[in-house]
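Trainee: Could we take a close look at one single part and work outward from there? I'd like to start with the largest pocket: what volume does it have?

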Amino acid sequence: MVPAVIISTYPDKKSIAKIANKIVSSRLAACVNITKISSVYSWKGKIENTDEFLAIFKTTQKNKSKLKKIIQETHPYEVPEIAEIDVTNINKPYMAWLVQSTS
């Protein structure tokens with residue numbers, strides 16, 4: 001089994017907490033890390049400086065397509081970030097837990 005990590009940003013903790021609980025409950029991800037960040041970005045011709053919440057979804061290759069679809073369908077942003085990070089190496093005990101938690 002191969003791990004997959006998907007990241008996305010959300011406007012507030014409430015919106016990401018709701019989807020994170022749904023995703024972990026449905027076993028599409030074993031874990032979702034959520035942390036507050038400050039983002040600087042260009043949006044509609046303006047430079048924005050905004051507090052956001054970064055979500056790191058930990059899942060498997062088997063579940064990543066379904067996970068990305070749910071993130072897209074439920075995301076509050078007009079143009080959500082849904083980025084996949086290639087994981088080439090992960091410790092075996094953690095991988096075993098990841099598979100067990102998403103199966």
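Mentor: First, a word on terms: a pocket here is an open set of grid points with protein on both sides within 12 Å along at least five of seven lines. Keep in mind that you're looking at a predicted model. On that basis, the largest pocket has a volume of about 220 Å³.

Let's see what lines it. The residues are T9, Y41, W43, E52, Y77, E78, V79, P80 and E81. Sorted by class, that lining comes to 5 nonpolar, 3 charged and 1 polar residue. Tyr and Trp count as nonpolar in this scheme, in case you wondered where the aromatic residues went.

Start with T9, which sits in strand β1. Is T9 buried or exposed? T9 has a relative accessible area of 9%, and buried means under 20%, so T9 is buried. Setting aside neighbours within four places in sequence, T9 is in contact with I37, E52, F53, L54, H75, Y77 and E81. Three of those names, E52, Y77 and E81, also turn up in the pocket lining.

T9 is in good company in its strand. In β1, 8 of 8 residues are buried, and that goes for both faces: P3, V5, I7 and T9 cover one side, with A4, I6, S8 and Y10 on the other.

What does β1 pair with? One partner is β3: β1 (residues 3-10) and β3 (residues 46-60) run antiparallel over 8 bridges. If you want landmarks to click on, V5 stands opposite K58, and S8 faces A55. Another partner is β4 (residues 83-85), which pairs with β1 in the antiparallel sense over 3 bridges. V5 comes up again here, with I85 as its bridge partner in β4. V5 therefore has a bridge partner in β3 as well as one in β4, by the DSSP bridges that define strand pairing.

Now follow β3 over to β2. Strand β2 (residues 31-43) pairs with β3 in the antiparallel sense over 13 bridges, and one spot to check is S38, which stands opposite D51. Two lining residues of the pocket, Y41 and W43, fall within the residue range of β2. Another lining residue, E52, falls within the range of β3.

E48 ties these two strands together nicely. E48 belongs to β3, and leaving out residues up to four places away in sequence, E48 touches S39, V40, Y41 and W43. Notice Y41 and W43 on that list: they are part of the pocket lining too. E48 itself is partly exposed, at 22% relative accessibility.

Where β2 turns into β3 you get a hairpin with 2 residues between the strands, and K44 there takes a positive phi near 50 degrees. K44 isn't a glycine, which is what makes that phi worth a glance. K44 lies in the loop between β2 and β3, and at 63% relative accessibility K44 counts as exposed.

There's another non-glycine with a positive phi: R27, at about 70 degrees. R27 comes in ahead of β2, in the loop between α1 (13-25) and that strand. Unlike exposed K44, R27 is partly exposed, with a relative accessibility of 34%.

At the other end of our tour, go past β4. D86 is in the loop between β4 and α3, and D86 is exposed at 65% relative accessibility. For a sense of scale, the C-alpha atoms of D86 and A17 are separated by 24 Å, with their positions 69 residues apart along the chain.

That loop leads us to α3 and a last stop. There is 1 aromatic pair by the rule used here. Y94 and W97 make up that pair, tilted at 50 degrees between the planes and 5.2 Å centre to centre. Why are Y94 and W97 about one helical turn apart? Because they are 3 residues apart in helix α3 (residues 92-101). Both rings belong to partly exposed residues: Y94 has a relative accessible area of 26%, and W97 has 33%.

Notes
Residues numbered from 1 in each chain as written. Predicted model: local features only at pLDDT ≥ 70, side-chain atom pairs only at ≥ 80, totals over all residues. Heavy atoms only, no water. Phe/Tyr/Trp six-rings, centres within 6.5 Å; stacked < 30°, edge-to-face > 60°. Helix = DSSP H or I, 4+ residues; strand = E, 2+ residues; numbered from the N terminus. Buried < 20%, exposed > 50% of the residue type's maximum accessible area, 1.4 Å probe, protein only. 1 Å grid on protein atoms, 1.4 Å probe; cavity = no way out; pocket = protein on both sides within 12 Å on 5 of 7 lines; lining within 4 Å. Points joined across faces, edges and corners; volume = space filled by probe spheres on them. Contact = heavy atoms within 4.5 Å.
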